[in-house]
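Visitor: I would like to learn how to read the features of a model like this one. Where do we start?

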Amino acid sequence: MSKAVSANAGTVGRQAAVIAAASGLILSMGLPANAADTTAGISASTESGSAQPALAVTAAPTATVSFERPVVKTTAAPKIETVRPQSTETATRASGATATTASKLTDTVSSAAASGLAAIAYTGIGSPYVWGGTTPNGWDCSGFTQWVYAQAGISIPRVNAWTAMKPTSTPSPGDLVMQNGGAHVGIYVGNGMMISALNPSQGTLLHSVASTGGGSYYTMS
């Protein structure tokens, strides 16, 4: 076949070469007439009488393909902390503390209500002051104290009622408070507070003992 290629090389101005690569791809290219003399390792084949003889070239697969592996960085997901439910014991303690605080506030305001006399005195708050009066429709300071004791079934003089009682330095709710040398009297309700029919402009109200000048305390017990 090489003789055939050489024989036709001079008569054909441009040859068509078909290169068969190892991968099976057929490449066609034009070669000059004298290419057969300078190309080494080429085997040629042609059909007699063909106007364009073909050259077949076999090449070894020498290409190398490589891929660079990308660097991937990962970050750990944040840890989710589970909220622990409040224990029954803790909730009970918190509830108990709140109840204790509320109870103390209540005791401060209404400790006097534990006494029957003091509780009765609270019902008289708001009644008008009327000189010589003895009912909730209108009373003066001594008429108010006499009415309070009467509701509890205790009879005391309308005026100077403390003379029938014993003086005390540790008053309890329901004891009498005598002020201004006997010019004013009221019912002690605890925590330094008293209720009395104070005057025509203010009527019967809750006020501190100190706000009306202090006083002396008297008890029935």
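Guide: What follows takes the sheet first, then one strand, the helices, the core and a few loop residues. Keep in mind that this is a predicted model.

Visitor: Which strands make up the open sheet, and in what order?
Guide: The open sheet has six strands, in the order β7-β12-β8-β9-β10-β11, and the pairing is antiparallel. β7 and β11 are the edge strands; each has a single partner, so one side of each lacks a neighbour in the sheet. On average, neighbouring strands are turned by 40 degrees against each other, direction ignored.

Visitor: How should I read the side chains along a strand?
Guide: In a regular strand, side chains alternate between the two faces of the sheet. Take strand β8, residues 176-179: Leu176 and Met178 point one way, Val177 and Gln179 point the other way, and all are buried.

Visitor: Which strands pair with β8, and over how many bridges?
Guide: With β9 (residues 184-190), β8 pairs in the antiparallel sense over four bridges. With β12 (residues 216-219), β8 also pairs in the antiparallel sense, over three bridges. For the register, Gln179 stands opposite His184 in β9. On the β12 side, Leu176 stands opposite Tyr218 and Met178 stands opposite Ser216.

Visitor: What connects β8 to β9?
Guide: The two strands form a hairpin with four residues between them. In the turn, Asn180 has a positive phi of about 55 degrees, although Asn180 is not a glycine. Its relative accessibility is 56%, so Asn180 counts as exposed.

Visitor: Where else is there a positive phi at a residue that is not a glycine?
Guide: Asn160 has a positive phi of about 55 degrees and is not a glycine. Asn160 is in the loop between α5 (141-151) and β7 (166-168). At 41% relative accessibility, Asn160 counts as partly exposed. There is also a glycine to note: Gly153, just after α5, takes a positive phi of about 85 degrees.

Visitor: Now the helices. How do I describe a pair that packs together?
Guide: Two packed helices are described by the angle between their axes and the distance between the axes. For α4 and α5, the angle is about 125 degrees and the axes are 9 Å apart. That makes α4 oblique to α5. Their crossing is right-handed.

Visitor: Which residues make the contact between α4 and α5?
Guide: α4 contributes Leu117, Ile120, Ala121 and Thr123, while α5 contributes Phe144, Trp147, Val148, Tyr149 and Gln151.

Visitor: Is α5 mostly covered or mostly open?
Guide: α5 is mostly covered, with eight of its eleven residues buried. As a general idea, an α-helix has 3.6 residues a turn, so residues three or four places apart point the same way. The buried residues of α5 are Cys141, Ser142, Gly143, Phe144, Thr145, Trp147, Val148 and Tyr149.

Visitor: How do the helices lie against the strands?
Guide: α5 lies across β8, β9, β10 and β11, at about 45 degrees to β9. α4 lies across β9, β10 and β11, at about 115 degrees to β9.

Visitor: Which residues touch the most other members of the largest nonpolar core?
Guide: This core has 23 residues, and those touching the most other members are Phe144, Val148, Tyr149, Leu176 and Ile187. The elements giving two or more residues to the core are α4 (116-123), α5, β8, β9 and β10 (193-199). The most comes from α5, with five residues. Apart from this core lies another, of five residues, including Tyr188, Met194, Val209 and Tyr217.

Visitor: What is Ile187 in contact with?
Guide: Leaving aside neighbours within four places in sequence, the contacts of Ile187 include Ala121, Phe144, Val148, Tyr149, Leu176 and Ile195.

Visitor: And at the edge of the sheet, is Leu206 buried, partly exposed or exposed?
Guide: Leu206 lies in strand β11, residues 203-208. Its relative accessible area is 35%, so Leu206 is partly exposed. Leu206 and Ile195 are eleven residues apart in sequence and 4.5 Å apart in space, C-alpha to C-alpha. Beyond the neighbours within four places in sequence, Leu206 is in contact with Tyr122, Ile125, Val189, Met193, Met194 and Ile195.

How values were computed:
Residues numbered from 1 in each chain as written. Predicted model: local features only at pLDDT ≥ 70, side-chain atom pairs only at ≥ 80, totals over all residues. Heavy atoms only, no water. Buried < 20%, exposed > 50% of the residue type's maximum accessible area, 1.4 Å probe, protein only. Pairing = 2+ DSSP bridges. Core = buried A, V, L, I, M, F, W, Y, C linked by side-chain atoms within 4.5 Å. Contact = heavy atoms within 4.5 Å. Axes fitted to C-alpha atoms, helices over the stretch in contact; angles between N-to-C directions. Parallel < 35°, antiparallel > 145°, perpendicular 65-115°, else oblique. Left-handed = near helix turned anticlockwise from the far one by under 90°.
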